[in-house]
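Thanks for coming, everyone. I'd like to walk you through one structure today. Please have a look at it before I start.

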Amino acid sequence: MKKINKQIAEELNIKETQVEAAVNLIDEGNTIPFIARYRKEATGGLSDETLRELGERLNYLRNLEQRKEEVIKSIEEQGKLTDEILQSVAIAKTLAEVEDIYRPYKQKKKTRATVAKAKGLDPLAQIIIEQKETKPIEEIAKEYINIEKLSEEDKKNKDKVVENAEQAIQGALDIIAEDISDNPKYRKEIKRQCYREALIETKAAKEGEKSNYEMYYDYKEPIKYIPSHRILAINRGEKEEFLKVKIEKPEEKILSYIEKDIIKGNTQFTEMLKDTILDSFKRLIEPSIDREIRSDLTEKAEDKAIKVFGQNSKQLLLGAPIKGKTVMGFDPAYRTGCKIAVIDETGKVLDYTTVYPTEPQNDVEGAKKQLLKLIDKDKIDMIAIGNGTASRESEMFVADMIKEASRPVHYVIVSEAGASVYSASKLATEEYPDINVSIRGAISIARRLQDPLAELVKIDPKAIGVGQYQHDVNQKKLAESLTGVVEDSVNKVGVDVNTATPSLLSYVSGINSTIAKNIVKYRDENGKLKNRKQLLKVPKLGKVAFEQCAGFLRIMDGDNPLEITAVHPESYEATEKLLASIGFDKNDLRDKEKLQNLREKLKTIDIPKTAKELGIGEMTLTDIISELSKPGRDPREDMPKPILRSDVLKLEDLKEGMILTGTVRNVIDFGAFVDIGVKHDGLVHISEMSDKYIKNPSDIVSVGDIVKVKVIKIDKERQKVALSMKGI
């Protein structure tokens, strides 16, 4: 265990004591959000991202240790365990290395070598590999002809018969070829050379066929430099049968390396062994090395894509809420009409309808009349337009319509990813049993503007759709990663226990979907919860779950003002002592005037001294002070607000050199897509993000960021816009 902790500490560049504390807390069943927030003293303030990475590595390295034990046990049972094997297994850093060591001792299916061994040709293979015998090998091989010695029954079985010297020699060489292929030292060196010098080469599967993969129809790139998005694109092109892919290896170097190790001077065996080494490489080593390299490249590319997807999703989930506004959700479409839903500031549905301002009906006047009536009747402040099919036509219609509205109305383009998945879900049916499936999408779009997090947690994280190649990656890994991202986001913001839906509650630390439903049922039967302690009356919510979840659940108008903050019940006593020491009381958190004075007083606290006096850690005290300074504050308030628009831009309006403000919609390996208010998002390539060298676009921008961009190229035919962030 100490070895694993040491390795994780080195990999993540943190202290071993931090790893040890985190591992103990994870093993005790604490959740990552709880450890990140309430056990900072123990872990030295490790973030939720670092803790999740630590958890993943811990899992991998424990599996690695377990596999090492299984391999050693299996080799020992075969009576073949040596000190050298023990040493090799001990220093192996990956599961692939351990499997390479185990390869020669694995139970094999029938191969040319196993057949030759069954014929008793092992000693002949040994003579050839030792290269000492001066007697012609053909003479020696005659001793292994067994056809005369076999029964009539066995003679019928080709796998048992050695008819002549040539057959005996070939069988012995098959054994040598497999031994070479199974040698972990050779495999390790071959992989090392390939990772250093091999190229990935792609060709068109069918000449002249049009596809999205034409740039890869005659393409080569060193595997040590190829970025993850290209690996995933090539994989997809191969899967869709547009591309043929191969790894071009430094074959001569590889063969020369093995020959040098095996061939001892110039003997009758030299050419024979050279041919066998080539056969071993071509027939046995190359196909499996190719598979391993492709699998390794894919795994690394998938991990990168999952990370990008997670970062983008987190930004989307933590988008700034727009509170206290009545919103019209506008779900654009053509033939079936645009679905409209109006919700008040609490998210309650006031009205819904369908209008047809787009093709083929083009009932612009009728739609305008209907919606202006709703704006007046429901006192609508904002219109949230989904960014899917017919979004830009709908935007033009809305921009034109609000000019005639009797009150000031702005519109916002909202990501509608997953809205249709949600509309048809069991959850949506439970929420709106009497409302048509198609209208539910418009409700979701409106609510996403009011509270992105509360709405997006209702959707399978994969359907949020802000990544690259999310459908091509390992779906189990993606689901695990995104569940973690949603958990971290929900717990960072905190949840109002009296208004939250079961889907939102189920992501709170320590709460599963059963407990989440039980909380809502308890709330429905007993009225609003007045204090966190009441949670212990909820069926299945025991002391362990309470410890994990209590600090993340808010009670806005309950008995204890501390419960509108993230202060954990275990710190109530220390918090009250802190307030008393500076002449305040927890009830002052509800008094605006006193709260202002309290803020000023909290700034003067000597943290090391006070922490000692209260018997709590400095990090915990810092968090308590932060919570008391802004009770009930939503951390999303610091996030960029959506751009409110009142007019629309057309591609024809754009000119090179124009400076625009836009919203980052997606961040990928090679840049970021920015919504500048025209039909298609513009691309800021990584090379146009900064005058400095950038390794990763997410170092510069995040989904939801509001950025200033310059138009540098307009391709009207392909409806593409290139943007730059340099020098603005």
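I'll cover the cavity, a buried helix, some salt bridges, and then a set of paired strands.

One thing up front: this is a predicted model.

Let's start inside. How many cavities of 30 Å³ or more are there? The count comes to 1. The space in this largest cavity is about 410 Å³. What lines it? There are 26 lining residues. Nearest the centre are Leu316, Gly319, Ile413, Pro642 and Arg665. By type, the lining divides into 15 nonpolar, 5 polar and 6 charged residues.

Several elements each give at least two residues to that lining. They include helix 16, residues 270–317, and helix 21, residues 437–450. Helix 22, at 452–456, is another. Two strands are also on the list: strand 8, at 410–414, and strand 11, at 659–668. Keep both strands in mind, as they come back.

Next, helix 18. This helix spans residues 391–401. Is it mostly covered or mostly open? Mostly covered: 8 of its 11 residues are buried. The buried set is Ser391, Arg392, Ser394, Glu395, Phe397, Val398, Ala399 and Met401. Note that Arg392 and Glu395 are in that set.

What do these buried residues pack against? Here strand 8 returns, as one of their partners. Strand 4 (327–331), strand 5 (338–343) and strand 7 (382–386) are partners too. So are helix 17 (364–378) and strand 12 (671–675).

Now to charges. Side chains of opposite charge can pair when their charged atoms come close. How many salt bridges does the whole structure have? The search finds 66.

Take Glu65 and Lys3. Their side chains meet in a salt bridge, at 3.5 Å from N to O. Glu65 sits in helix 5, residues 48–77, and Lys3 in helix 1, residues 2–12, so this pair ties together parts 62 residues apart in sequence. Glu65 has 22% relative accessibility, so it counts as partly exposed. Lys3 is also partly exposed, at 46%.

A second bridge involves Glu11 and Arg57. Their closest N and O atoms are 2.6 Å apart. Glu11 is in helix 1 and Arg57 in helix 5, so the two tie together parts 46 residues apart in sequence. Glu11 has a relative accessible area of 38%, which is partly exposed. Arg57 is partly exposed at 23%.

There's also a network here. Asp100, Arg103, Arg187, Lys191 and Glu292 are joined into one by salt bridges that share partners. Elsewhere, Lys135 and Glu143 form a salt bridge at 3.6 Å, N to O. Lys135 is partly exposed, at 38% relative accessibility.

A quick stop at the outside. Thr17 lies in helix 2, residues 16–27. Buried or exposed? Exposed, with 56% relative accessibility. Thr17 and Lys586 are 569 residues apart in sequence, and their C-alpha atoms are 36 Å apart in space.

Last topic: the strands. Strand 11, which helped line the cavity, is joined by 5 bridges to strand 14, residues 706–715. The two run antiparallel. In this pairing, Leu660 has Val709 of strand 14 as its bridge partner.

Strand 14 also pairs with strand 15, residues 720–724. Again there are 5 bridges, and the strands run antiparallel. Lys710 has Ser724 in strand 15 as its bridge partner. Strands 14 and 15 make a hairpin with 4 residues between them. In this hairpin, Gln719 takes a positive phi near 55°.

That's the tour. Over to you.

Note on methods: Residues are numbered from 1 along each chain as its sequence is written. This is a predicted model: local features need pLDDT of at least 70, side-chain atom pairs count only at pLDDT 80 or more; totals for chains, interfaces and linings use all residues. Side-chain values use heavy atoms; hydrogens and water are left out. On a 1 Å grid over the protein atoms alone, a cavity is a set of points where a 1.4 Å probe fits but cannot get out, and a pocket is an open set with protein on both sides within 12 Å along at least five of seven lines; lining residues have an atom within 4 Å of a point. Grid points are joined across faces, edges and corners, and a volume is the space filled by probe spheres set on the points. Ala, Val, Leu, Ile, Met, Phe, Trp, Tyr, Cys and Pro count as nonpolar, Asp, Glu, Lys and Arg as charged, and the others, Gly among them, as polar. A salt bridge is a side-chain nitrogen of Lys or Arg within 4 Å of a carboxyl oxygen of Asp or Glu. Buried means under 20% relative accessible area, exposed over 50%, partly exposed in between (1.4 Å probe, protein chains only). Contact means heavy atoms within 4.5 Å. Two strands pair if DSSP finds at least two bridges between them.
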